[in-house]
Amino acid sequence: MSTILIKNVVVDGESRDIYIKNGTIRRIGVDICIDADTVLDGGGKTVMPAFVNMHTHSGMTLFRGICEDMPLKQWLDAVWKAETVLDDEFIYWGTRLACLEMIKTGTAAFADMYWSIDKAAEAVRDSGMRALLTYCFLDGGDSGKQRIQREECGRMYAISRDWPSRIQFGVSVHAHYTVSDGNMLWAADFARKHSLLIHTHISETCAENETHLARYGISPTARLHSMGLLGRDVIAAHTLWLSDEDVRMLGDSGTTVVHNVNSNLKLASGYRFRYNELRDAGANVTMGTDGAGSSNNLDLRESLKTAALVQKAWREDPAALPLDELLAMGTVNGAKALRLRSGVVEEGALADLILVDTDSPFFIPAHNFKANFIYAANSSCIDTLICDGRVLMRGGKVEGEDAVLSNAKEQASRFVERIKKL
């Protein structure tokens, strides 16, 4: 694997050199003199850990803008209908487009829940990113689908053994209201047998919670807890409508929760994400964009800004969600959930890094880099992205991006033509 030397980049307010070998930060110091395959000029730039997007549906970039101004249930019905026209080409190029967008906005790793993950894995492999790709169980209580999905999951797991090490296989339980109890338990057992991560949606809307309470007499979180479906190997997306007891169970179990603020706001699902309570209870609190079909973009920096502003507003506390904790949600907390030694800029960590161009009006005056990065700038300030020992973006350009855009446009047109025939 190649070596990279970054010269004169700002690390924690000081000019430093960073030497990267085999995808790992080997040295951080002053005037490092080592031959490297790639030398990057860090002048006028600040280094940060790259983002980790902990919940998205990457292939849905081709759905961007087709299901607007709808609440979640209506949106899901429209999406599920549109998904009947998907094929492998749609998934591959939709995922390549998602990867391109995430790289351009500073994300090096993501947790995904979507279909045809063998094609998604090809797209992630070709992009150079890291990903957790999960086989998604969604059977609607159909016994025939239950059997088929179990077989498919096993087959996809076998195929995944040939994936690059930066791409993990996991299991998704789409939601407690779309998957039978039998398949939820089977999926969790399969995942734990093979030391895999489990991805699911929990308590995204008030209506979801009320329906569940009426049927079972307990919250979705409580029922999943009773079934053994919480834990440090579980990634729970949304977790928006939570009681104090729900928060306690998520914290005690060490479950990773994912805040998807832009999607929640746009679908009018809610806004009172209980960050302080979940953090204090012991949950691992992370950040996601959700899919482009609902949030419209995969820009995690933008999501972080929105999350902080909304927390401050609904709590009526300008000190809510301070910058260090906010950035941890988008970096090291996600890395921890994905079992990665990254999300930090230090020797021995994986070199999943971004270089932020601070030679712009957004960073003047330079009183507080983190505040400027989140509240003043936009993601176009991200100049360079490094992942797994490779420079995936340099000077704001990604190798092969024109071909990705051209093919994605072609697939989007084909997608629209197919939808018209439904």
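Me: How many residues are in the largest nonpolar core, and which have the most contacts inside it?
Reply: In this predicted model, the largest nonpolar core has 104 residues. Those with the most contacts inside it are Trp75, Leu133, Phe169, Val171, Leu278, Phe373 and Leu385.

Me: Which element gives the largest share of this core?
Reply: Helix α2, with 9 residues.

Me: Where is the second, separate core?
Reply: That one has 14 residues, including Val9, Val11, Ile20 and Val47.

Me: Any general background on cores?
Reply: In soluble globular proteins, nonpolar side chains tend to be buried together.

Me: Back to Phe169. What does phenylalanine 169 touch, not counting residues up to four places away in sequence?
Reply: Phenylalanine 169 touches Ile117, Leu132, Leu133, Tyr135, Cys153, Met156, Tyr157, Ser160, Trp163, Phe190 and Leu196.

Me: Which residues form one aromatic cluster with Phe169?
Reply: The cluster is made up of Tyr135, Phe137, Tyr157, Trp163, Phe169, Trp186 and Phe190.

Me: OK, aromatics then. How many aromatic pairs does the structure hold?
Reply: There are 13 aromatic pairs. One of them joins phenylalanine 90 and phenylalanine 415, with ring centres 5.6 Å apart.

Me: Why is that pair edge-to-face?
Reply: The planes of phenylalanine 90 and phenylalanine 415 are at 70°, and anything over 60 degrees counts as edge-to-face.

Me: Where in the chain are the two?
Reply: Phenylalanine 90 is in helix α2 (residues 88-104) and phenylalanine 415 is in helix α15 (residues 401-420). They are 325 residues apart, so the pair links distant parts of the chain.

Me: Is phenylalanine 90 buried or exposed? And phenylalanine 415, buried or exposed?
Reply: Phenylalanine 90 is buried, because its relative accessible area is 0%. Phenylalanine 415 also has 0% relative accessibility and counts as buried.

Me: What lies over the face of phenylalanine 90?
Reply: Arginine 414 does, at 4.1 Å from the ring centre.

Me: Which ring does the charged end of arginine 223 sit over?
Reply: The ring of tyrosine 216; the charged end is 3.9 Å from the ring centre.

Me: Back to the pairs. Phenylalanine 90 was buried, fine. What about tyrosine 157 and phenylalanine 190, what is the angle between the planes?
Reply: For tyrosine 157 and phenylalanine 190, the planes are at 90° and the centres 5.7 Å apart, which is edge-to-face. Tyrosine 157 is in helix α4 (residues 143-160) and phenylalanine 190 in helix α5 (residues 181-193), 33 residues apart.

Me: Are those two buried or exposed?
Reply: Both tyrosine 157 and phenylalanine 190 are buried.

Me: New topic, empty space. How many cavities of 30 Å³ or more are there?
Reply: There are 2. The largest cavity holds about 230 Å³ of space.

Me: Which residues lie nearest the centre of the largest cavity?
Reply: His57, Trp75, Leu76, His174 and His201, out of 22 lining residues. Helix α1 (residues 72-82) gives the most to this lining, with 5 residues. Trp75 is also among the residues with the most contacts in the largest nonpolar core.

Me: Where is threonine 178?
Reply: Threonine 178 is in the loop between β9 (167-175) and α5. Its relative accessibility is 6%, so threonine 178 counts as buried. Leaving aside neighbours within four places in sequence, threonine 178 is in contact with Trp80, Leu138, Asp139 and Gly140.

Me: Last one. How many residues of helix α12 are buried?
Reply: Helix α12 (residues 323-330) has 6 of its 8 residues buried. They are Leu323, Leu326, Leu327, Ala328, Met329 and Gly330.

Note on methods:
Residues numbered from 1 in each chain as written. Predicted model: local features only at pLDDT ≥ 70, side-chain atom pairs only at ≥ 80, totals over all residues. Heavy atoms only, no water. Phe/Tyr/Trp six-rings, centres within 6.5 Å; stacked < 30°, edge-to-face > 60°. Helix = DSSP H or I, 4+ residues; strand = E, 2+ residues; numbered from the N terminus. Buried < 20%, exposed > 50% of the residue type's maximum accessible area, 1.4 Å probe, protein only. Lys NZ or Arg CZ within 6 Å of the ring centre and 35° of its normal. Contact = heavy atoms within 4.5 Å. Core = buried A, V, L, I, M, F, W, Y, C linked by side-chain atoms within 4.5 Å. 1 Å grid on protein atoms, 1.4 Å probe; cavity = no way out; pocket = protein on both sides within 12 Å on 5 of 7 lines; lining within 4 Å. Points joined across faces, edges and corners; volume = space filled by probe spheres on them.
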